[in-house]
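Student: I'd like a close look at just one part of this model. Please start with how its strands fit together and then follow the side chains outwards from there.

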Amino acid sequence: MKLQSKMALAISALALSLGTAQAATVSAPAGATFTVTAPCTVSGNIANLGNFFTNNTVATIAARWGKVDQSTGVTPGTSNGSPLLLASVNCPTGIAWNLHLDGAGFGGNTQFKTPGGVVAFEADATATLLGAATVSAGLTTMANGLSGVGTSAAQQVFGLYQVYVGMGDTTTLPKALVAGTYTATNTARLDF
């Protein structure tokens, strides 16, 4: 019995010297993410108004694309039946949207600049079609905005750049065109 007691004491001493077994603890990150995006998108288009000659004037452009005169109103041009793609909107079905083409000119008009960067004239970007449907009254100023409702497909906005003539302005239309590419920049802004 003495041997068993000594043996038990030896085992107990050995166990105490080794320490007691402990469970290990480690950690790692966990969680979740989600992404929020705008439900609607807009893309602008760089429309080509065609070719003109150095013996043409701004009045030649107005004759082709029309003019908006503060004194006399809108005069259609010969190309009014061939509207240009201005922008495209894509919103989920049922989401109301409003599209603007914001220019740097008077009231948000588009400024057309000579190849040297000088403003030659301003134009009123006007929408005439939303897809194949005629826009209300056939003419909506894009600086004021065009409204629509999403269809979950791209909705193309077609229209014109009509030369803008301010009240009493007698200098815009006779301006001679110079050789090179004229440029105009708008910002397509979509509110929804």
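Student: In which sense, parallel or antiparallel, do S5 and strand S12 (residues 187–191) pair, and over how many bridges?

Tutor: S5 and S12 are antiparallel partners, joined by five bridges. Before we go on, a word on the ground rules. The model is predicted, so local features need pLDDT of at least 70 and side-chain atom pairs count only at pLDDT 80 or more, while totals for chains, interfaces and linings use all residues. Residues are numbered from 1 along each chain as its sequence is written, and side-chain values use heavy atoms, with hydrogens and water left out.

Now to the strands themselves. Strands here are DSSP runs of E with at least two residues, numbered from the N terminus, and two strands pair if DSSP finds at least two bridges between them. S5 covers residues 96–102. Besides S12, S5 has a partner in S10 (residues 146–149), again antiparallel, with four bridges between them. Leu-99 shows both contacts: its opposite number in S10 is Leu-146, and its bridge partner in S12 is Leu-190. One position along, His-100 has Arg-189 of S12 as its bridge partner.

Put together, the three strands make an open antiparallel sheet in the order S10-S5-S12. S10 and S12 are the edge strands, each with a single partner, so one side of each has no neighbour in the sheet. On average, neighbouring strands are turned by 25° against each other, direction ignored; the axes behind that angle are lines fitted to C-alpha atoms. S5 is also mostly covered, with five of its seven residues buried. Buried means under 20% relative accessible area, exposed means over 50%, and partly exposed is in between, for a 1.4 Å probe and protein chains only.

Side chains add a further link between S5 and S12. Side chains of opposite charge can pair when their charged atoms come close. For a salt bridge, a side-chain nitrogen of Lys or Arg must lie within 4 Å of a carboxyl oxygen of Asp or Glu. The structure holds two of them. In one, Asp-102 meets Arg-189 at 2.7 Å, N to O. Asp-102 belongs to S5 and Arg-189 to S12, so this pair ties together parts that are 87 residues apart in sequence. Arg-189 also meets Asp-191, at 2.9 Å, N to O, so Asp-102, Arg-189 and Asp-191 are linked in a network of salt bridges. What about their exposure? Each counts as partly exposed: Asp-102 has a relative accessible area of 24%, Arg-189 has 33% and Asp-191 has 34%.

S12 also leads us to the largest pocket, whose volume is about 680 Å³. On a 1 Å grid over the protein atoms alone, a pocket is an open set of points where a 1.4 Å probe fits, with protein on both sides within 12 Å along at least five of seven lines, and lining residues have an atom within 4 Å of a point. The volume is the space filled by probe spheres set on the points, which are joined across faces, edges and corners. Of the 30 lining residues, those closest to the pocket's centre are Ala-47, Leu-49, Phe-112, Tyr-182 and Thr-183. S6 and S12 are the elements that give two or more residues to this lining.

Phe-112 deserves a second look. Rings of Phe, Tyr and Trp (its six-membered ring) pair if their centres lie within 6.5 Å; planes under 30 degrees apart count as stacked, over 60 as edge-to-face, and the rest as tilted. That rule gives three aromatic pairs. Phe-112 and Phe-121 have ring centres 4.9 Å apart and planes at 10°, so they are stacked. Phe-112 also pairs edge-to-face with Tyr-161, at 5.8 Å centre to centre and 85° between the planes. Phe-112 lies in S6 (residues 110–113) and Tyr-161 in S11 (residues 155–165), so the pair ties together parts that are 49 residues apart in sequence. Phe-112, Phe-121 and Tyr-161 form one aromatic cluster. Phe-112 is buried at 8% relative accessibility, Tyr-161 is buried at 7%, and Phe-121 is buried as well.

Definitions and conventions
Axes fitted to C-alpha atoms, helices over the stretch in contact; angles between N-to-C directions.
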